[in-house]
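User: Please take a close look at one part of this model, the C-terminal helices and strands and what packs around them. I would like burial, contacts and charge pairing treated together, with the cut-offs stated.

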Amino acid sequence: MTQLKSVNIKGKQYVEVNERLIYFRNNYPNFSLTSEVLEKTDKSILILATITNAEGKVISTGMAEEEKGSTFINKTSYVENCETSAWGRALANFGIGLDTSVASADEVKNAIVNQESTKAPSKTKLEVGDENWDKVIKWAVANKDKGLNTIVKILQQKYTIANVVKAELKKNI
C-alpha cells in the first residue's frame with residue numbers, strides 16, 4: 001500500500017481521515033462510503049459509516065459518537081466531527097491508514113485534551129499573610145468546633161499547607 005501522509009501526535013504517527021478518504025476514492029472508485037445517523041439527541045450523536053463494494057456487500061464499518069460541546073470543535077460541529085470519525089474508523093477497518101491505531105488524529109488529540117482537562121486542578125499554596133490568609137482564618141475560627149485536624153483536611157482540598165501554616169492555624173483557633 002502507498003505510504004500515506006501522517007501527523008505526529010505524542011510520538012505516534014496517525015494518518016488523518018482526509019488522507020484515508022483520498023486514497024479510498026482514488027483506489028476504490030466503485031466502492032461507496034455511506035453514513036447513517038443511528039441516534040441523535042440534543043446532547044450527542046451516534047453515526048455508523050459503512051464501506052460497500054460494487055455489488056453492495058458490506059466490506060467494513062466504523063462507528064463514532066460525539067457529545068455536543070465536549071471539545072472546542074464540538075461546540076459548533078459535533079455532527080460533522082462524528083461523521084469524520086466514523087469514516088476514519090471504517091476506512092481504518094478496511095485497512096487504509098491503519099499503521100498504529102484505528103483512532104483518527106482528531107480523536108487522539110481530543111482524548112489527550114480530555115485526559116489533561118480531567119486532571120485534578122493544582123492547589124494554591126497557602127501562606128501566612130497571603131491574599132487568602134484572612135478569609136481562611138475567618139473560616140477556621142468560625143469552624144473551630146470541627147477541630148484542627150478536620151479544618152486542615154478540608155483546607156487541603158484547595159490549598160497546599162505547610163507545617164508553619166498549621167501551627168499558625170492552631171494559634172488562631
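Analyst: What follows goes through helix 4, then lysine 125, then a charged pair in helix 6, with helix 1 as a second example of one-sided burial.

The model is predicted: local features need pLDDT of at least 70 and side-chain atom pairs count only at pLDDT 80 or more, while totals for chains, interfaces and linings use all residues. Residues are numbered from 1 along each chain as its sequence is written, and side-chain values use heavy atoms, with hydrogens and water left out.

Helices (H or I, at least four residues) and strands (E, at least two) are DSSP runs numbered from the N terminus. Buried means under 20% relative accessible area, exposed means over 50%, and partly exposed lies in between, with a 1.4 Å probe and protein chains only.

Helix 4 covers residues 133-142, and its buried residues are Trp133, Val136, Ile137 and Ala140. Viewed down the axis of helix 4, these residues fall within an arc of 100°, so they line one face of the helix; the arc is that of the directions from the helix axis to the C-beta atoms. Asp134, Lys138 and Ala142 are exposed on the other side of helix 4. The cover over the buried residues includes strand 6, helix 5 (148-155), strand 7 (159-161) and helix 6 (163-172), where contact means heavy atoms within 4.5 Å.

Strand 6 (residues 124-126) contains lysine 125. Lysine 125 counts as exposed because its relative accessibility is 51%. Apart from neighbours within four places in sequence, lysine 125 is in contact with Asp130 and Thr160. Its C-alpha atom is separated by 5.4 Å from that of tyrosine 159, although the two residues are 34 residues apart along the chain.

In helix 6, glutamate 168 and lysine 171 lie three residues apart, about one turn of the helix. Side chains of opposite charge can pair when their charged atoms come close. Here the side chains of glutamate 168 and lysine 171 meet in a salt bridge, at 3.5 Å from N to O. The rule asks for a side-chain nitrogen of Lys or Arg within 4 Å of a carboxyl oxygen of Asp or Glu, and by it the count comes to one salt bridge. Glutamate 168 is partly exposed at 24% relative accessibility, whereas lysine 171 is exposed at 66%.

Helix 1 (residues 17-27) has Val17, Glu19, Arg20, Tyr23 and Phe24 buried. Down the axis of helix 1 they fall within an arc of 160°, so they line one face of the helix. They pack against strand 2 (12-15), strand 3 (32-40), strand 4 (44-52) and helix 2 (74-93).
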